[in-house]
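Me: I would love a close look at one part of this model, namely the salt bridges of chain B and the strands that they join. Could you set them in the context of the whole chain?

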Amino acid sequence: MKNAKKWGRLVLMAGSGLVYGCQPETDTTRPEITSVTVDGLIGENHLVHAGEAMQVSLDLRDNENLRQVKINVHPADDGHTHGSGSGAVTQPNVGTWTYSNIIDLEGTHAITQLSLNVPVNIAGEWHLEVMAIDASGNEAIEKVVNLEVDNPALPVISVITNPTSNTEPLMILASNPVLSLNVAVTDASGVDSLFVQTTNAVDEVVFSQSLDATDAVEFTSGNIEMTFPSVGLYNVQVRALDVNGFENLWVRQVEVQ
Amino acid sequence: MKKILGICCSLWWGQLDAQNSDTTGVLDSDSLHPLEHLVISDSWIGTTDRKSSIDVTLINPEDWRSNRALSFAQSLTFLPGVSAQNTGVGIARPVIRGMSGQRIVVIERNVKQEGQQWGSDHGLELDMFTVDAVEVLKGAVGLMYGGDAIGGAIRILSPRWSTGKWDSRLQVLGSDNNQERSIGFSHQQKWKGKKGGYVQRVFVAIQTKKSSDYRLPADSFTYLNRTLPLNQGVLNNTAIDEQSALCLWEMIHGYRQLHHLTFQYRWFDQNSGLFPGLVGIPTLASVTSDGNFRNIGMPNAHVNHHKWILQAEGRWGNVSHALELALQINNRIEKSIPHQGPYQILDGGDEALSLDLRDVQGRYTVSHIHWEASQFEVGTSFQKQWNSRGGFEFLIPDFQKNATGTWVIWNRPLIKHSGQWNGGMRWDYASYQMKGLSQWISNNGADMLWQPAIGVNKMFQGISGSVGQSISTSNDWHWKWHVGRTLRVPQASELFVNGVHHGTFRHEQGDQNLTTERGWQWDGMAIKTHQDWVMKCSPFVQYYNSYIYLSPQATFSYLPDGGQLYAYVQHPVWMAGGECSLDKHWLPQLHSDVSVEYIYNYNTATTLPLPFTPPLQLKWGSTYTHQWSSRWEWNCQFQVRYVAAKNRVDRNEQSTTDYSLLHGGMSLEYHGKDERWSCLWTLNARNLTNVKYMNNLSNYRVLQLPEQGRWIQIGIEFKWHGQK
C-alpha cells in the first residue's frame, strides 16, 4: 500500500505533465507561385534587350488569402544559384541593375503584371526572383528565372591573347611571364577609347594602358604586351567606351606559375 | 558501491578540507553555501538541494572535464533538459527546457552575467578553463534572480580552494577539424591568519585559444534563397581568437563570526570571423577561401567583456547579511563592407554594428531571520544599464534601463516528514528610456531619411511568487514540487529591435507595446535510490498568458538583404515535458546512466508549436574507472545520444530528421610522490561516427548547413600542489 502510494504520486506528477488540447485547424499551407511569365513566355531562361521594357506577369494562388509578393532583380554573374543550375561564371556583367518591389495582394488567386525597364547601358546575366507570403505568414517556395540582357549598342570587344589558352585561368610560365593582347573593338556609333588594366590578387594595379580610339567604328589596338612581376593570380581587364558613353568589358584571369 | 544518503554540507569543493583547522564551525554557514546538496550517488543524477524545492544539478570539475565540448554551453548538453543553440562552431548559448537567452540567466556570485544575450547568435562570454564547476537550476528561479530566470539559471561556482598552501595548473589542448589550440594556466596562493582566525587566497587564471576556419560535411549552403558552393566544406573566415582571465581575492574570517569578502575580475575577449556568405547578399567571391584558414578577415565580430564583482558576507548573531556589487562592460563590434543594393547607408567606414553595454548591479540580502519555526530571507536588488550603438547598421537603439526588485523568501520545516516548505514573493520594477534614430540612406540612388527607432519611455512592474515543498518520505524517496506565478519584463531587443540581424539571417522587429510576460509554472521532482542505482524524474507544466517570441509575419522586409519580416509578438502558450534519468552502478568501477527528455509546447494563438523547440532525446552513457596503483588512474567513457526527428514545427520552420551521435573520451592520470604533482592526459571525441546531421536548434540549419563532423581533442594537464 505504501509503495502503491509512492508510485501513484509519481504517475500523478508525470501525468500532470501532459497537456491535452483540441487543435483547431490552422493555415500552414504555403502559397504557390504558379507561373512567372516574361514577355509572354514561360520558362527558366529569357532573353531581354537593354533599353526596352520587359513585361512580367505573375500568377499566384493560396488556399486562404494572399498577402504580398516581392519581386527582385539582382546580378547573377557571381556564381550563385537558387537551388539548381551550374552557377558558372563566364563574363562579369556590364553595368548595374537592381530592382526591388513589394506588392500587396488579396484573395486566393492573383495575377500581377508589371513592366520593368531594362537599363540601356547593361549586358550580362541577371535573376528575376519572386517571393510570396499569405495572410497567415506562410512563405511560398520562391521562383527564379534567368534573364540574359542583350545589348547591341555596346562596343563589341574581341581579344586575341598570346599565349593562347582555353583554360581558366590562363596559364603562363614564370620563366617567361609575358602576355600579349591584340584587341579589336567595333561599335556602330564609334569607339571612343580603350583601357587595359591588370591587377594582382590584392587588387594592386601592376599594368595599365589607355588608348584613344578616335571615334573609329572599328578599332584595333595592335600588340599590347605586359610582363607580370611575380608568380600568382592576376586579373586582366579590357574596357571599351563608345562615343555615346556605353561601355563594355572583357575580363580574363591569368595565373603565373 | 555503497551509496551515501545524507547531508553533505562540506561539498563545497573541499573548502572545509582546506580550512577545517581554522574556521570550522562557521564555514558550514548557508550564506557561504546557498545550496546544500543532498548527495545520493557520486554521479550528477544524484545531486540536488535538499532544502529547496527547485531542481538543481551539480556538475563537478570531473564531469565538467570529461564532457568538455567546443563551447561552454555545449559542454552542458550531457544533462537531460539542457541543450545548446549553436552558431557554427565555438559560439553557443545554453537552452534549458527549450528556453534560452532572455529566459536563462548565468549567475556568478549572485551577479547576472550581462551581455548582448538577446541575439540568438551571440555566445556566452565565458570560457571553459576559468570555470571550475557549475550548477544548473531548472524551472522558475525568478524569485531569487528576477524574471530573466523564468527558464532556469546556470550558476558558476567559485574555483575550488587549494588543499595546500598553493596550487598551480597548466592545461594544453588541441583539436582537429578547426585546428583549435589552447593553453591555460592558473595559480592560487592561500594564507592562514594567526590562530586560524581567517584564511585568504589569491587566484589567477588565464587562457588563450585560437582556432581556424572549420569544416562541415557539406558542399553548398543556401542563404536568401541563393545557393553557393563550399570548397572542401570549409566555411571561409570562421576562425576564432579568444583570450580570458580570472583574478580573485577572497578572505574568510571565522574567528568569532563568519565574514567572507571577495573581489573578482573576469575578462573575456573574442575575435571571430563571420562567414561572409551570411552578411549582406552572398556572392561567390565573398565565400571563396583566401587560402589562409587562420586569419580573421571581413566580416568579423569582436566581443570584449569585463566583469568586476565585490561580494561581502557576514553573520551577526543568527542573521546573515550579504552584499554584492558588480560592474560589467560589454562591447560588441561587428565589421563588414557596407552592403550594396537599393538601400544603402551613406555613412562610410567598415563598422557595421557597435553595441556598448554598461551594467551596474547591486544586491543586498538578509537571511536566516527566524520566526518561530520559519526562516526568512529578505533582499533587494538594483540594476542600471546604458547601451549605446554605432555603425552603419541598426538593430537596437541607445537606451538606459533601470530595474529593481525586492523579495522575501520563506522556509519552514515539515512537521510529518523530513523536508521543507519554500515560498516567497517578489516585486519587480523596470523602466527604459530609449533614444530615437534617424539615418540618411540612399534609396535607389535618392537620399532618404530612415527612422528605424523613435524615442520612447517605457515602464513595467509586477509581483511574482512561488511555493513548493522538498520532502524526504523515507530513506530512499525524495520528492519536490514547486508552483510559481512568473513575471518577466520585456528586454530592450523585444521592444526596440529593427533591422536585419545577420546572425539569425532575418529582419527582426520589436514591438513597443509588449507587456510583461506572465505565466504559471509547476515543476516536480522525484528521486528514488536503491542499493546500486538512483532514478530521477522531473516533470513540468507551464502556461504563459503572454509569451514573447519572434514570429514570422505576413509581410516582407523592405531592406534588400531581408526576406520575410519576423516580429516579436505575445501569445498564450502551454509547455509541458520533463526528464527521467537512471544511474546504475554495475561494478565499483563501472556505472551507466540513461536519460530521456521531452518538451511539448503549444501556441494557442497559432495552434502551432514554438520555434526552436528541442526534440525528444535519449542519452545513454557509461563510465569505467580503473585505478592501477596509488599513482595511476585510468578512465574511459562514452555517450550515445539519439535525437528524434522534429516534424512538429512552427510556421515556415524546417523540420529535421532523427540522428544518433556517439561521443567518447579517455583519461589517464599519474600522481607524483606525496600527491605534490599530477599529470592528466585526456582524449575527448564528439560525433565519432562523423554523422552528417541537422540540429534544429542551430542557427545554421536555415542555411541547410549541417553540424560539425568528427571532432577529436587531446589535452595534457599538469597540477602542482604546495604543502598543507
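Reply: Happy to help; what follows starts with the chain as a whole and then turns to its charged pairs.

This is a predicted model, in which local features need pLDDT of at least 70 and side-chain atom pairs count only at pLDDT 80 or more, while totals for chains, interfaces and linings use all residues. Residues are numbered from 1 along each chain as its sequence is written, chains are lettered from A and ligands numbered from 1 in the order in which they are written, and side-chain values use heavy atoms, with hydrogens and water left out.

Chain B has a mean pLDDT (the predictor's confidence in each residue, from 0 to 100) of 83, with 86% of its residues at 70 or more. Residues 1-40 of chain B fall below 50, yet this stretch has 108 contacts (heavy atoms within 4.5 Å) in the model beyond near neighbours in sequence. Residues 340-344 of chain B also stay under 50, and there the model has 16 contacts beyond four places in sequence.

Chain B contains 6 helices and 40 strands; these are DSSP runs numbered from the N terminus, with helices being H or I of at least four residues and strands E of at least two. Of its 724 residues, 63% are buried, where buried means under 20% relative accessible area, exposed over 50%, and partly exposed in between (1.4 Å probe, protein chains only). Among contacts between residues at least 6 apart in sequence, 68% join residues at least 24 apart.

Now to the charged pairs. Over all chains, the whole structure holds 29 salt bridges, each a side-chain nitrogen of Lys or Arg within 4 Å of a carboxyl oxygen of Asp or Glu. One of them pairs Arg363(B) with Glu324(B), with the closest N and O atoms 3.9 Å apart. Arg363(B) belongs to strand 22 (residues 351-371) of chain B and Glu324(B) to strand 20 (residues 319-335), so this pair ties together parts that are 39 residues apart in sequence. Both Arg363(B) and Glu324(B) are buried.

Next come Arg488(B) and Glu517(B), whose side chains meet in a salt bridge at 3.0 Å, N to O. Arg488(B) sits in strand 29 (residues 477-488) of chain B and Glu517(B) in strand 32 (residues 517-529), so parts 29 residues apart in sequence are tied together. Arg488(B) and Glu517(B) are both buried.

A further salt bridge joins the side chains of Lys619(B) and Glu597(B) at 3.0 Å, N to O. It links strand 36 (residues 617-627) of chain B, home of Lys619(B), to strand 35 (residues 590-603), home of Glu597(B), and the two residues are 22 apart. Lys619(B) is buried because its relative accessible area is 1%, and Glu597(B) is buried with 5%.

Besides these pairs, Arg97(B), Lys138(B), Asp523(B) and Glu579(B) are linked in a network of salt bridges.

To finish, here is a small sheet to look at beside the charged pairs. Strands 5, 6 and 7 of chain B form an open antiparallel sheet in the order 5-6-7, where two strands pair if DSSP finds at least two bridges between them. Strand 5 (82-86) and strand 7 (99-100) of chain B are at the edges with a single partner strand each, so one side of each has no neighbour in the sheet. Strand 6 (residues 92-96) of chain B is joined to strand 7 by 2 bridges, and Ile96(B) has Met99(B) of strand 7 as its bridge partner.
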